[in-house]
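The exercises below go through one protein chain step by step. Keep the sequence and the structure at hand, and try each task before reading its solution.

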Amino acid sequence: MVSQASSPSLLEALSSDFLACKICLEQLRAPKTLPCLHTYCQDCLAQLAEGGHLRCPECRETVPVPPAGVAAFKTNFFVNGLLDLVRARAGGDLRAGKPACALCPLMGGTSAGGPATARCLDCADDLCQACADGHRCTRQTHTHRVVDLVGYRAGWYDEEARERQAAQCPQHPGEALRFLCQPCSQLLCRECRLDPHLDHPCMPLAEAVRARRPGLEELLAGVDKNLAELEAARMVEKEALAQLREQAARVGTQVEEAAEGVLRTLLAQKKEVLGQLRAHVEAAEEAARERLGELESREQVARAAAAFARRVLSLGREAEILSLEGAIAERLRQLQDCPWMPGPAPCLLPQLEFYPGLLDKSCHLLWLSFEKQQPQKDSGKDGAGSQGGEETENQREDEDKTERQSRVQPQSKGGAQTPKEDRAQMPQEDGAQTPKVERAQTPKEERAQTPQEDVEGQTQRGSRSNKKRKFKGRFKSVSREPSPAPGPNLEGSGLLPRPIFSCSFPTRMPGDKRSPRITGLCPFGPREILVADEQNRALKRFSLNGDYKGTVPVPEGCSPCSVAALQGAVAFSAGARLYLISPDGEVQWRRALSLSQASHAVAAMPSGDRVAVSVSGHVEVYNMEGSLATRFIPGGKASRGLRALVFLTTSPQGNFVGSDWQQNSVVVCDGLGQVIGEYGGPGLHGCQPGSVSVDKKGYIFLTLREVNKVVILDPKGSLLGDFLTAYHGLEKPRVTTIVDGRYLVVSLSNGTIHIFRVRSPDS
């Protein structure tokens with residue numbers, strides 16, 4: 001039985017690192033093979049031996065050291081033969097007159113021998129031309145293979161030399177190994193066979209190989225079968241991991257959509273309840289004003305009558321009092337009989353009521369359930385299996401339909417009941433209004449159902465205990481800490497922009513000598529980006545689909561750090577200099593910058609005719625001619641020495657946004673340096689703010705490299721929430737940029753670029 005794997009060639013064995021020791025990284029010397037079939041130098045193994053054991057550096061298997069030491073490990077004659085072939089090919093220099101002929105000194109001459117021009121593959125000797133001719137003419141050596149030395153050194157005769165090569169006995173130099181002692185399983189030369197192995201049955205090497213090769217090939221075939229199974233299992237494991245990541249990304253998107261729906265619904269209910277409260281207060285105030293007006297009118301009439309009667313009694317004469325006594329008495333009786341106070345006013349005091357269990361800390365609007373992955377069956381192998389799979393799917397569909405009709409929800413930990421059939425979970429996205437009532441009430445049967453059917457499906461599937469187990473915990477992202485709740489600036493819109501994955505591509509090109517280190521990104525023409533690869537000293541152009549468009553030449557010796565595209569020019573920083581070059585690489589001007597900052601961030605102004613650069617805590621703006629147009633410190637002179645802007649960008653509104661590593665915050669300022677907003681709260685998770693980008697609506701995208709996140713802030717610098725997390729494939733994001741106002745380009749530390757389309761809330 002022959003192994004299915006392709007056999008390696010001799011050239012591959014000689015040219016690869018097969019003959020190098022994995023410990024000292026040099027060519028093997030006295031190679032010894034461990035039971036795990038890994039080969040190392042004898043001296044290197046002696047350094048690893050400790051306490052009668054050593055651990056293989058490659059497979060980490062613990063191997064007992066023989067009592068005689070590491071020298072008792074099996075000698076790798078296979079590697080020794082290859083090493084002899086390599087040494088023979090590499091020895092001497094033909095142009096320097098070496099090597100010399102090996103037979104000339106043996107013929108009694110005084111010289112060291114003439115220059116060798118041929119080699120005998122059987123004797124393994126270098127021969128001059130005269131000795132080579134004589135070698136072919138003697139009775140004992142006329143069958144030897146004599147070849148050209150130059151061709152031998154070039155490797156033309158490696159296979160033939162390998163076939164004629166004989167393994168040498170380590171105990172008897174010059175003697176070839178010819179026999180195998182069957183009881184001892186030891187290779188013997190003629191001298192070894194005459195001493196201790198004289199009475200042992202021995203076999204010639206060729207006969208022994210023919211007898212033992214089938215068994216080894218059968219074992220090798222079994223290992224190849226195991227390797228195929230391991231490879232298949234590895235592929236299944238990779239597919240399962242990819243499916244897990246895909247499902248996690250899908251669930252993460254569903255969670256964000258559900259949270260947005262809940263937030264939208266909550267804001268709609270807030271608006272509705274506040275409207276009801278406002279209408280109730282306005283109606284009560286109108287009724288109170290009417291009653292107050294009536295009371296004031298009655299009070300005024302009564303006061304006037306009482307004042308007149310009091311004046312008559314105090315100032316009138318007897319005749320005058322008696323003449324008016326009847327009219328005054330009648331008017332006063334009339335006023336006394338009239339009800340002074342109206343009935344009690346129907347004042348209804350508003351009270352806010354919450355949905356049952358909503359404020360309970362153990363009440364969860366979202367939770368996860370975990371289901372075992374069903375093995376995929378090959379429908380082409382067995383028709384019964386396919387039919388069974390269809391029945392299983394039908395049963396699942398029936399169970400899902402039954403559960404949708406029942407809508408049984410699990411209870412919260414605190415004992416509060418979750419919404420039942422007669423109560424909807426949340427209003428619809430279309431903003432269905434609740435009926436007008438005199439006071440705020442809990443949601444009734446008329447309210448709409450959950451805004452996201454996927455979330456409802458998750459909740460219903462969570463009740464299937466025979467196939468899943470419930471996890472009653474809040475949904476946790478992959479990041480180290482959850483971001484704080486969105487700020488009050490969501491009150492106007494109630495929504496956040498959402499990422500839609502577009503594509504991903506590597507930036508390493510065939511001509512790159514090192515792995516890319518992307519330090520700058522900027523838009524470059526329609527649907528194109530410019531990538532600053534500091535490690536390879538290049539400005540690379542890519543389309544948004546990942547197509548490589550070439551490079552923008554940079555001055556020799558420059559390693560571009562940050563980059564920005566202007567009208568018909570490219571600006572970039574390298575070291576302590578700011579360059580402006582044309583698209584074909586011609587330097588238009590350069591400016592020296594402060595040496596107090598390791599790197600300088602560059603950003604193009606919205607007009608495209610000026611470039612801004614961060615220098616030692618302040619911002620300098622240069623025009624296309626290289627003249628300094630303006631210079632300012634965010635926050636004015638009071639902030640001198642208190643800023644360190646490591647990343648910088650501009651907004652379409654003309655504002656500047658920078659990552660301040662000294663204040664550990666994101667600062668937004670206008671063109672005069674007046675601070676519009678600044679954020680350094682817990683949403684940064686204690687990280688230094690990274691790269692910043694601004695879309696066409698003014699939303700700020702901030703990179704947090706340590707926690708694999710891109711968070712979003714409003715145009716004034718207030719945190720809104722997470723935009724990208726590890727669910728979206730982020731692994732140590734480095735820099736970002738916005739292309740065409742709606743594509744977010746994110747570069748990772750490994751040189752990969754991810755592109756996301758920013759979906760606006762109103763789309």
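Two residues are in contact when heavy atoms of theirs lie within 4.5 Å. The model used here is predicted.

**Exercise 1. The chain as a whole**

Task: State how many helices and strands the protein chain has, and what share of its residues is buried.

Solution.
- Step 1. The secondary structure comes to 11 helices and 37 strands.
- Step 2. The chain has 763 residues, and 37% of them count as buried.
- Step 3. Contacts in the chain with a separation of 6 or more can be sorted by distance in sequence: residues 24 or more positions apart account for 49% of them.

**Exercise 2. The largest nonpolar core**

Task: Describe the largest nonpolar core and list the contacts of L54.

Solution.
- Step 1. The core has 18 residues, and L34, L45, L54 and F73 have the most contacts inside it.
- Step 2. Two or more residues of this core come from each of β2 (39–41), α2 (42–48) and α3 (77–90).
- Step 3. Helix α3 gives the largest share, three residues.
- Step 4. Leaving out residues up to four places away in sequence, L54 touches L34, L45, L48, A49, E61, T62, V63, V65, V70 and F73.
- Step 5. A general tendency is worth recalling here: in soluble globular proteins, nonpolar side chains tend to be buried together.

**Exercise 3. Two helices**

Task: Compare the end-to-end distances of α8 and α9 with the expected spans, then locate a bend in each helix.

Solution.
- Step 1. Helix α8 has 111 residues, which should span 165 Å at 1.5 Å a residue. The C-alpha atoms at its ends are 155 Å apart, which agrees.
- Step 2. A bend of about 35° occurs in α8 at R212, and the proline P214 follows within four residues.
- Step 3. Helix α9, residues 318–337, has 20 residues. From first C-alpha to last, α9 reaches 27 Å, close to the expected 28 Å.
- Step 4. A kink of about 50° in α9 is centred on E325.
- Step 5. The buried residues of α9 are I328, A329 and L335, and they pack against α8 (205–315).

**Exercise 4. A sheet of three strands**

Task: Give the strand order of the open sheet that contains β6, and explain why β7 and β8 are edge strands.

Solution.
- Step 1. The order is β7-β6-β8, and the pairing is antiparallel.
- Step 2. Strands β7 (125–127) and β8 (146–148) each have a single partner strand, so one side of each is left without a neighbour in the sheet.
- Step 3. From one strand to the next, the twist averages 35°.
- Step 4. Strand β6, residues 118–120, pairs with β7 over three bridges. C120 stands opposite D125 in β7.
- Step 5. The loop between α4 (129–135) and β8 holds R145. With a relative accessible area of 31%, R145 is partly exposed, because that class lies between the cut-offs of 20% and 50%.
- Step 6. R145 and H135 are 10 residues apart along the chain, and their C-alpha atoms are separated by 9.6 Å.

**Exercise 5. A hairpin**

Task: Describe how β17 and β18 pair, and find the residue with a positive phi between them.

Solution.
- Step 1. Strands β17 (residues 538–543) and β18 (residues 548–552) are antiparallel and share four bridges.
- Step 2. F542 has Y548 of β18 as its bridge partner.
- Step 3. Four residues lie between the strands of this hairpin, and G546 takes a positive phi near 95°.

**Exercise 6. A sheet of four strands**

Task: Work out the arrangement of the open sheet of four strands, then decide whether Y579 is buried or exposed.

Solution.
- Step 1. The strands follow the order β19-β20-β21-β22 with antiparallel pairing.
- Step 2. Strands β19 (563–566) and β22 (587–592) are the edges, each pairing on one side only.
- Step 3. Ignoring direction, neighbouring strands are turned by 15° against each other on average.
- Step 4. Four bridges join β19 to β20 (residues 569–574), and A565 has V570 of β20 as its bridge partner.
- Step 5. Y579 lies in β21 (residues 577–581). Its relative accessibility is 7%, so Y579 counts as buried.
- Step 6. Not counting residues up to four places away in sequence, Y579 touches P555, C558, V570, A571, F572, A574, W589 and R590.

Note on methods: Residues numbered from 1 in each chain as written. Predicted model: local features only at pLDDT ≥ 70, side-chain atom pairs only at ≥ 80, totals over all residues. Heavy atoms only, no water. Core = buried A, V, L, I, M, F, W, Y, C linked by side-chain atoms within 4.5 Å. Buried < 20%, exposed > 50% of the residue type's maximum accessible area, 1.4 Å probe, protein only. Expected span 1.5 Å × (residues − 1). Bend = angle between axes of the 7 residues up to and from the residue. Pairing = 2+ DSSP bridges. Axes fitted to C-alpha atoms, helices over the stretch in contact; angles between N-to-C directions.
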